[in-house]
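Me: I'm new to this structure and would love a friendly walk through it. Could you show it to me first?

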Amino acid sequence: MTAQLDVAALKTRLTGPIFLPGDPGYDTECATFNLNTPLTPAIVVGAATVADVQAAVRFAADNGLAVATRGGGHLVPRTGKGQLMLTLDRMTSWTIDAPNASVRVTGSPRWGQLMEPLGEHGLAGMNGSSPNVGVVGYLLGGGHSPVLARSHGFASNHITSIEVVTGDGERRTATATENPDLFFALRGSKGNVGVVTAVEFGVFPIPAVYGGGLWFAIDKLAELLPLWRDWAAKLPVQAGTSVGIQRLPDGSLLDDDEITTLLRHTVER
Ligand SMILES: Cc1cc2nc3c(=O)[nH]c(=O)nc-3n(C[C@H](O)[C@H](O)[C@H](O)COP(=O)(O)OP(=O)(O)OC[C@H]3O[C@@H](n4cnc5c(N)ncnc54)[C@H](O)[C@@H]3O)c2cc1C
């Protein structure tokens, strides 16, 4: 399909690079944290500006290509021969408005990049459990913070403004009062409504957080799940906890002695 595409013409409209399958850099642009679904788009546009995003979306529409956006690569958009994929890493920035406890991000920051600068202001965002999840992909999916969800709800409810390039290539702003239907649809869409180039959202004056994760072998589940359930019921409303079942690298699990110590500690509490 790419043989018939006028990629050279698209190139003249862009500040950022284009990558085709086999090009140096194509694999890096398509690399993801989640390895379940390899990304194999017909073209990758490494957008450097909002105008790049608009040009790429219009080019895709003119050529009958679907558009996908790769953020932090944790969920992974499906891509293939008929798709143009955008990466927004070259547009990444963030501005913290500490007095108003608000952040504006552009492009594709990861939560781990924001946490430290926010902490310097005594602020915390409603990030999830992984520092390399994309801020935008997370917010578009609702965003359930293991630490703050019970006290603050879904992260997407704290979004105040979204800038998005829609399928017609137009740049639009969505807020509670400007394009309110678009604003509603984006918060939970996980990328189906447009290419989001910037998001503004609230953060919270939380100078210290207590949290962490424990990993057990799957054969401990029957023993530990009832203990976790009983312990969770006694937690204060500010605390959140969840259980996940995942494939992990070797060496991540607690050994039997560590589990015994933990159980004793849990029962004593
Ligand atoms: C180890 C791990 C821990 C996690 N922990 C949590 C957690 O605690 N709480 C929670 O709520 N979720 C959690 N998640 C889920 C994660 O938040 C979602 O999968 C999220 O959508 C990932 O976003 P991403 O940008 O990293 O991934 P991507 O796969 O790059 O993007 C996810 C989706 O969002 C779209 N998207 C990304 N950026 C844009 C953009 N700029 N414009 C339009 N669409 C875009 C993509 O097209 C795709 O459909 C976790 C996932 C993993 C793998």
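Reply: Happy to! Let's begin with strand S7, residues 159-165. Of its 7 residues, 6 are buried, so S7 is largely enclosed by the rest of the structure. Buried means under 20% relative accessible area, exposed over 50% and partly exposed in between, with a 1.4 Å probe and protein chains only. Helices (H or I, at least four residues) and strands (E, at least two) are DSSP runs, numbered from the N terminus.

Me: Before we go on, what kind of model is this, and how are residues numbered?

Reply: This is a predicted model, where local features need pLDDT of at least 70 and side-chain atom pairs count only at pLDDT 80 or more, while totals for chains, interfaces and linings use all residues. Side-chain values use heavy atoms, leaving out hydrogens and water, and residues are numbered along each chain as its sequence is written, from 1.

Me: Which strand pairs with S7 over 6 bridges?

Reply: Two strands pair if DSSP finds at least two bridges between them. S7 also pairs with strand S8 (residues 171-174), antiparallel over 4 bridges, and there Ile162 has Ala174 as its bridge partner. For the 6 bridges, look at the antiparallel pairing where Ile159 stands opposite Phe201: the partner is strand S9.

Me: Which residue in the hairpin of S7 and S8 takes a positive phi?

Reply: This hairpin has 5 residues between the strands. The phi in question is near 85°, and the residue that takes it is Gly169.

Me: Which element gives the most residues to the largest nonpolar core?

Reply: A nonpolar core is a set of buried Ala, Val, Leu, Ile, Met, Phe, Trp, Tyr and Cys residues joined through side-chain atoms within 4.5 Å. The largest one has 30 residues, and Leu139, Val199 and Phe201 have the most contacts inside it. Elements giving it two or more residues include S7, S9 and helix H4 (111-120). The top contributor, with 5 residues, is helix H5.

Me: What residues does Leu139 touch, leaving aside neighbours within four places in sequence?

Reply: Contact means heavy atoms within 4.5 Å. With those neighbours set aside, the residues in contact with Leu139 are Trp111, Ala155, Ser156, Ile159, Val199 and Phe201.

Me: Which residues form one aromatic cluster?

Reply: Rings of Phe, Tyr and Trp (its six-membered ring) pair if their centres lie within 6.5 Å; planes under 30 degrees apart count as stacked, over 60 as edge-to-face and the rest as tilted. There are 2 aromatic pairs in the structure. Trp111 and Tyr138 are edge-to-face, 5.6 Å centre to centre with 85° between the planes, while Trp111 and Phe201 have centres 5.9 Å apart and planes at 70°, so that pair is edge-to-face. The cluster is Trp111, Tyr138 and Phe201.

Me: Is Trp111 buried or exposed?

Reply: Trp111 lies in helix H4 and Phe201 in strand S9, so their pair ties together parts that are 90 residues apart in sequence. Phe201 has 3% relative accessibility and counts as buried. Trp111 has 1% relative accessibility, and it counts as buried.

Me: In what order do the 4 strands of the open sheet come?

Reply: The pairing in this sheet is mixed. Strands S1 (18-19) and S3 (66-70) stand at the edges with a single partner strand each, so one side of each is left without a neighbour in the sheet. S1 joins strand S2 through 2 bridges, antiparallel. The order is S1-S2-S4-S3.
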